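Here are my notes after going through the model you sent over. They're in numbered points so you can reply to each one separately.

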Amino acid sequence: MPDNLNPKTQKRSLSILNVDLNLLVVLQALLEEKSVTHAAKRVCLSQSATSNALKRLRGVFEDQLLVRWSNKMSLTPFALEIIDPVNQAIDAINTVLGDPP
(Lines give C-alpha, C1' and ligand atoms only; values in the text may rest on other atoms or scores of the structure.)
Protein backbone atom coordinates (compact mmCIF):
# COMPACT_ATOMS: atom_id res chain seq x y z
CA MET A 1 0.00 0.00 0.00
CA PRO A 2 1.43 3.43 -0.88
CA ASP A 3 2.44 5.58 2.11
CA ASN A 4 -0.07 8.28 1.22
CA LEU A 5 -2.91 5.74 1.60
CA ASN A 6 -1.57 4.04 4.71
CA PRO A 7 -3.30 5.54 7.80
CA LYS A 8 -0.32 4.66 10.01
CA THR A 9 2.02 6.91 7.99
CA GLN A 10 -0.34 9.87 7.71
CA LYS A 11 0.09 12.75 10.14
CA ARG A 12 -2.68 12.77 12.71
CA SER A 13 -4.92 15.81 12.59
CA LEU A 14 -6.94 16.58 15.71
CA SER A 15 -9.12 19.54 16.53
CA ILE A 16 -8.56 21.25 19.87
CA LEU A 17 -12.35 21.37 20.13
CA ASN A 18 -12.52 17.57 20.25
CA VAL A 19 -9.82 16.94 22.85
CA ASP A 20 -10.05 17.38 26.61
CA LEU A 21 -7.00 19.57 27.24
CA ASN A 22 -6.81 18.32 30.83
CA LEU A 23 -5.52 15.10 29.31
CA LEU A 24 -2.34 16.93 28.23
CA VAL A 25 -1.17 17.17 31.83
CA VAL A 26 -1.72 13.45 32.32
CA LEU A 27 -0.06 12.71 28.98
CA GLN A 28 3.01 14.71 29.94
CA ALA A 29 3.29 12.81 33.23
CA LEU A 30 2.85 9.45 31.51
CA LEU A 31 5.47 10.26 28.88
CA GLU A 32 7.99 11.34 31.50
CA GLU A 33 7.28 8.75 34.20
CA LYS A 34 6.58 5.78 31.88
CA SER A 35 4.38 4.47 34.67
CA VAL A 36 0.68 4.85 35.34
CA THR A 37 1.26 4.65 39.10
CA HIS A 38 3.99 7.31 39.17
CA ALA A 39 2.12 9.55 36.73
CA ALA A 40 -0.99 9.28 38.92
CA LYS A 41 0.93 10.41 42.00
CA ARG A 42 2.50 13.27 40.07
CA VAL A 43 -0.84 14.69 38.88
CA CYS A 44 -2.70 13.85 42.11
CA LEU A 45 -5.11 11.36 40.54
CA SER A 46 -5.94 7.80 41.47
CA GLN A 47 -4.26 5.04 39.52
CA SER A 48 -7.60 4.03 38.00
CA ALA A 49 -8.36 7.62 36.90
CA THR A 50 -4.92 7.83 35.29
CA SER A 51 -5.43 4.47 33.61
CA ASN A 52 -8.77 5.73 32.29
CA ALA A 53 -7.05 8.89 31.00
CA LEU A 54 -4.47 6.71 29.23
CA LYS A 55 -7.30 4.75 27.62
CA ARG A 56 -8.86 8.01 26.41
CA LEU A 57 -5.50 9.26 25.13
CA ARG A 58 -4.99 6.02 23.24
CA GLY A 59 -8.31 6.63 21.51
CA VAL A 60 -7.49 10.25 20.73
CA PHE A 61 -4.11 9.44 19.21
CA GLU A 62 -4.99 6.00 17.85
CA ASP A 63 -1.76 4.73 19.39
CA GLN A 64 -0.98 2.67 22.49
CA LEU A 65 1.49 5.34 23.74
CA LEU A 66 2.74 3.07 26.55
CA VAL A 67 3.18 -0.68 26.19
CA ARG A 68 4.35 -3.34 28.61
CA TRP A 69 7.74 -4.68 27.63
CA SER A 70 9.12 -7.36 29.94
CA ASN A 71 8.50 -5.99 33.43
CA LYS A 72 8.29 -2.30 32.53
CA MET A 73 6.36 0.12 30.38
CA SER A 74 7.94 1.53 27.22
CA LEU A 75 6.93 4.40 24.97
CA THR A 76 5.81 3.67 21.44
CA PRO A 77 7.64 5.38 18.56
CA PHE A 78 4.73 7.82 18.24
CA ALA A 79 4.87 8.64 21.97
CA LEU A 80 8.59 9.38 21.62
CA GLU A 81 7.78 11.76 18.74
CA ILE A 82 5.30 13.81 20.76
CA ILE A 83 7.32 14.34 23.95
CA ASP A 84 8.74 17.72 22.88
CA PRO A 85 5.50 19.08 21.35
CA VAL A 86 3.55 18.09 24.48
CA ASN A 87 6.12 19.79 26.73
CA GLN A 88 6.04 22.91 24.54
CA ALA A 89 2.23 23.00 24.63
CA ILE A 90 2.16 22.70 28.44
CA ASP A 91 4.84 25.42 28.75
CA ALA A 92 2.85 27.72 26.44
CA ILE A 93 -0.34 27.18 28.43
CA ASN A 94 1.52 27.84 31.69
CA THR A 95 2.91 31.07 30.22
CA VAL A 96 -0.55 32.25 29.18
CA LEU A 97 -1.97 31.42 32.61
CA GLY A 98 0.98 32.94 34.44
CA ASP A 99 1.81 29.65 36.16
CA PRO A 100 5.43 28.70 36.69
CA PRO A 101 6.61 25.81 34.46
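1. Let's start with the hairpin. Arg68 has Met73 in E2 as its bridge partner, and Trp69 sits opposite Lys72, also in E2. The two strands, E1 (residues 66–69) and E2 (residues 72–75), run antiparallel and are joined by four bridges. Keep in mind throughout that this is a predicted model.

2. The turn deserves a quick look too. Two residues separate the strands of the E1 and E2 hairpin, and Ser70 has a positive phi there, near 60°. If you're checking backbone torsions, Ser70 is one to look up.

3. Still on the hairpin: is Ser74 buried or exposed? Ser74 belongs to strand E2, and its relative accessibility is 19%; the cut-off for buried is under 20%, so Ser74 counts as buried. Setting aside neighbours within four places in sequence, Ser74 touches Leu65, Leu66, Val67 and Trp69.

4. Now for the overall layout. The protein chain has four helices and two strands, and from the N terminus the order is α-α-α-β-β-α. Of its 101 residues, 32% are buried. Take the contacts with a separation of 6 or more: 41% of them are between residues 24 or more positions apart.

5. How do H1 and H4 pack? Helix H1 (residues 22–33) meets H4 at an angle of about 135°, and the axes are 10 Å apart. Oblique covers angles that are neither 65 to 115 degrees nor over 145, so H1 is oblique to H4. The crossing of H1 past H4 is left-handed.

6. As for who touches whom in that packing, the H1 side consists of Leu24, Val25, Leu27, Gln28, Leu31 and Glu32. Across from them in H4 are Ala79, Ile82, Ile83, Val86, Asn87, Ile90 and Ile93.

7. H1 also packs on H3. Their axes come within 10 Å and cross at roughly 100°, which falls in the 65 to 115 degree range, so H1 and H3 are roughly perpendicular. On the H1 side the contacts come from Leu23, Val26, Leu27 and Leu30; the H3 side supplies Thr50, Ala53, Leu54, Arg56, Leu57 and Phe61. Leu27 is listed in the H1 contacts with H4 and in those with H3, so keep an eye on Leu27 if you look at both packings.

8. Which rings pair up? A search of the whole structure turns up one aromatic pair. The partners are Phe61 and Phe78, with ring centres 5.6 Å apart and planes at 50°, so the pair is tilted. Phe61 is in helix H3 (residues 47–61) and Phe78 in helix H4 (residues 77–97), so the pair ties together parts 17 residues apart in sequence. Both Phe61 and Phe78 are buried.

9. Last one: Asp84. Asp84 is in helix H4, and Asp84 is exposed, at a relative accessible area of 51%. Exposed starts over 50%. The C-alpha atoms of Asp84 and Gln28 are 9.6 Å from each other, with the two positions 56 residues apart along the chain.

Conventions: Residues are numbered from 1 along each chain as its sequence is written. This is a predicted model: local features need pLDDT of at least 70, side-chain atom pairs count only at pLDDT 80 or more; totals for chains, interfaces and linings use all residues. Side-chain values use heavy atoms; hydrogens and water are left out. Rings of Phe, Tyr and Trp (its six-membered ring) pair if their centres lie within 6.5 Å; planes under 30 degrees apart count as stacked, over 60 as edge-to-face and the rest as tilted. Buried means under 20% relative accessible area, exposed over 50%, partly exposed in between (1.4 Å probe, protein chains only). Two strands pair if DSSP finds at least two bridges between them. Axes are lines fitted to C-alpha atoms, for helices over the stretch in contact, and angles run from 0 to 180 degrees between N-to-C directions. Angles under 35 degrees count as roughly parallel, over 145 as roughly antiparallel, 65 to 115 as roughly perpendicular and the rest as oblique. A crossing is left-handed if the near helix is turned anticlockwise from the far one by less than a right angle, and right-handed if clockwise. Contact means heavy atoms within 4.5 Å.
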